[in-house]
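The following exercises concern the interior of a protein model. Each task is followed by a solution that proceeds step by step.

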Amino acid sequence: MTATETAAATATEPEHGPETTGRRLALVTGATGYVGGRLVPRLLEDGFRVRVYTRSPDKLRDVEWYPDVEVVRGSLPAATELDEAMRGVFVAYYLVHSMTARGDFGGEELRAAVSFARAAESASVSRIVYLGGLHPEHRPLSRHLASRAAVGQVFLDSAVPAAVLQAGTIIGSGSASFEIIRHLTEVLPYMPAPKWVRNFVQPIAIRDVLHYLSKAADLPPDVNREFDIGGPDVLRYGQLMNGYAVEAGLPQRPIAALPVLTPWLASQWINLVTPVPRDLAVPIVESLQHSCVVRNHDVDGFIAPPPGGLLGYRESVRLALARIDASEVPTTWRGASLAKAPSDPLPSDPSWAGRTVLSDERERESTASPTDLWLVLQSIGGPNGWYSLPWAWSLRGTIDKLFGGVGLSRGRRDPSRLRQGDVIDFWRVESLDPPHRIVLRAEMRVPGDAWLELTASPGTGGGSVYRQRAVFLPRGLSGRLYWMTLVPMHALIFGGMARRIVRAAEHERASASVAASSSDAES
């Protein structure tokens, strides 16, 4: 069977889904992303059946709404898979963007949009809804804003009525724009900033973005146009940072606008100071080169504002901080796929396929139970660290940042729970089999592909066995030299990591025993 036939066969039926009912069907692309992942449960609440179209269904298996949706595996612009995904759809949401400045991303986005529009036309879809970006008129646009505007025009020119919603800075727990504001403000007591901090922006709460997206499905059939959406406040970008400082209980930050900070330099600065990597910072910085505020204010004539009205900026910040403090962040920018990050799964037997495989394997027996060991494994990284040589991990993260990588500062979504697709510092959870096995795929800049596999299994005489395997598939001579250079450090890092993880699990077991004994004594 050819690759094309395999893809077609995969798309013949949804991977899974609820029973078909008479409710209207919404197709959502970008469901693993920040906005799409929040729109799906909103549409379910509004009474829609939902089908998601994604190239990575495994990323969705642990989200709460997964049992309630249909899933079609596919990637844009694959026509066969799209045709299957569009079957019976009432409204199709296009929420994917190429967040990279590499290659012909503009051409790729246009080809994907054209394919999506044609599939919608063939399936007689009633409406396309697209989320683009606010942009000024009659001014040269950045490549990213120009690409988004061009994608919106593709949908407006199609035979399917389209609602092209254009938003600026989205404020919500986990959004990339909010994370930049948060970290710049918290880290820097004094901010040398690009001159664009004086530009005006019109932020909008993620709650209000979802309101407009969901209600756009009910627009009359003759409506085919752009709608600018924004919150009630028009502020300078510098005011966003100091507004955040007030809500976070921080002093106001002096800001100096420096004309020498070009967009490229500004993105480097954001890359170093915030968790947002350079490839994602570039399009955000480019979009701030001009004031971007709502130009047409007539969206309320078609879609009524949410009950209670639109959220102001500071209230949006307050709600976002409350979610972060409660570890209730349903989606984040960290879910976005990054350019040049490896995406292939850990090969089951790469040496058999003729590839060079370099590995470091450790095994330790423990008196702790597999459950206690698993509690330690699923809380690894982020604030809990990696159980060996913190300075070495920190140095590796800093080097990665300097080369435009993600570094260690992405942290993790929840301090004690994992789900497939989650980010842990410069790793991503590729596979999760609780309470036994975690496979982490490296997203730092390395000359090859790297994975870290952690397993907990019962011991032969009680207790448990901890196994740890680092796997590296080098790319060329540089990959082999990279691994050879680090071999002495691996003995310290990976060896110490295995010892301390087992020790932490045994400490958990001892603490639980003491607590149980105290409880028995009190009773």
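**Exercise 1: A residue of the core**

In this predicted model, determine which residues are in contact with Leu 213, leaving aside its neighbours within four places in sequence.

*Solution.* Step 1. With heavy atoms within 4.5 Å taken as contact, the partners of Leu 213 beyond that sequence window are Val 35, Leu 39, Tyr 93, Leu 95, Val 129, Leu 131 and Leu 165.

Step 2. A second, separate core has 37 residues, and Tyr 466, Trp 483, Val 502 and Ala 504 are included in it.

Step 3. Leu 213 itself is among the residues with the most contacts inside the largest nonpolar core, together with Val 28, Val 35, Val 52, Tyr 93 and Leu 131. That core has 40 residues. At least two residues each come from strands E1, E2, E4, E5, E6 and E11 and from helices H2 and H7. Helix H7 provides the largest share, 5 residues.

**Exercise 2: The enclosed space**

State which residues line the largest cavity, and classify them as nonpolar, polar or charged.

*Solution.* Step 1. The count is 1 cavity of 30 Å³ or more, and the largest cavity has a volume of about 90 Å³.

Step 2. Its lining consists of Leu 184, Leu 188, Met 191, Pro 192, Ala 193, Pro 194, Trp 196, Val 197, Met 241, Ala 266, Trp 269 and Ile 270. Two or more of these residues come from strand E8 (191-194) and likewise from helix H9 (263-273); E8 gives the largest share, 4 residues.

Step 3. The lining divides into 12 nonpolar residues, with no polar and no charged ones.

**Exercise 3: A covered helix**

Establish how many residues of helix H8 (residues 237-247) are buried and which elements they pack against.

*Solution.* Step 1. Taking buried as under 20% relative accessible area, 9 of the 11 residues of H8 qualify. Among them are Tyr 237, Leu 240, Asn 242 and Glu 247, as well as Met 241, which also lines the largest cavity.

Step 2. These buried residues pack against helices H6 and H11 and against strands E8, E9, E12 and E13.

Step 3. Just after H8, Gly 249 takes a positive phi of about 75°.

**Exercise 4: An open pocket**

Describe the lining of the second largest pocket.

*Solution.* Step 1. The volume of this pocket is about 1,100 Å³.

Step 2. Of its 44 lining residues, Arg 38, Val 329, Pro 330, Thr 331 and Arg 419 lie nearest the centre.

Step 3. Helices H2, H7 and H11 each supply at least two lining residues, with H2 giving the most, 5 residues.

Step 4. The lining comprises 17 nonpolar, 12 polar and 15 charged residues.

Conventions:
Residues numbered from 1 in each chain as written. Predicted model: local features only at pLDDT ≥ 70, side-chain atom pairs only at ≥ 80, totals over all residues. Heavy atoms only, no water. 1 Å grid on protein atoms, 1.4 Å probe; cavity = no way out; pocket = protein on both sides within 12 Å on 5 of 7 lines; lining within 4 Å. Points joined across faces, edges and corners; volume = space filled by probe spheres on them. Nonpolar A, V, L, I, M, F, W, Y, C, P; charged D, E, K, R; others polar. Buried < 20%, exposed > 50% of the residue type's maximum accessible area, 1.4 Å probe, protein only. Core = buried A, V, L, I, M, F, W, Y, C linked by side-chain atoms within 4.5 Å.
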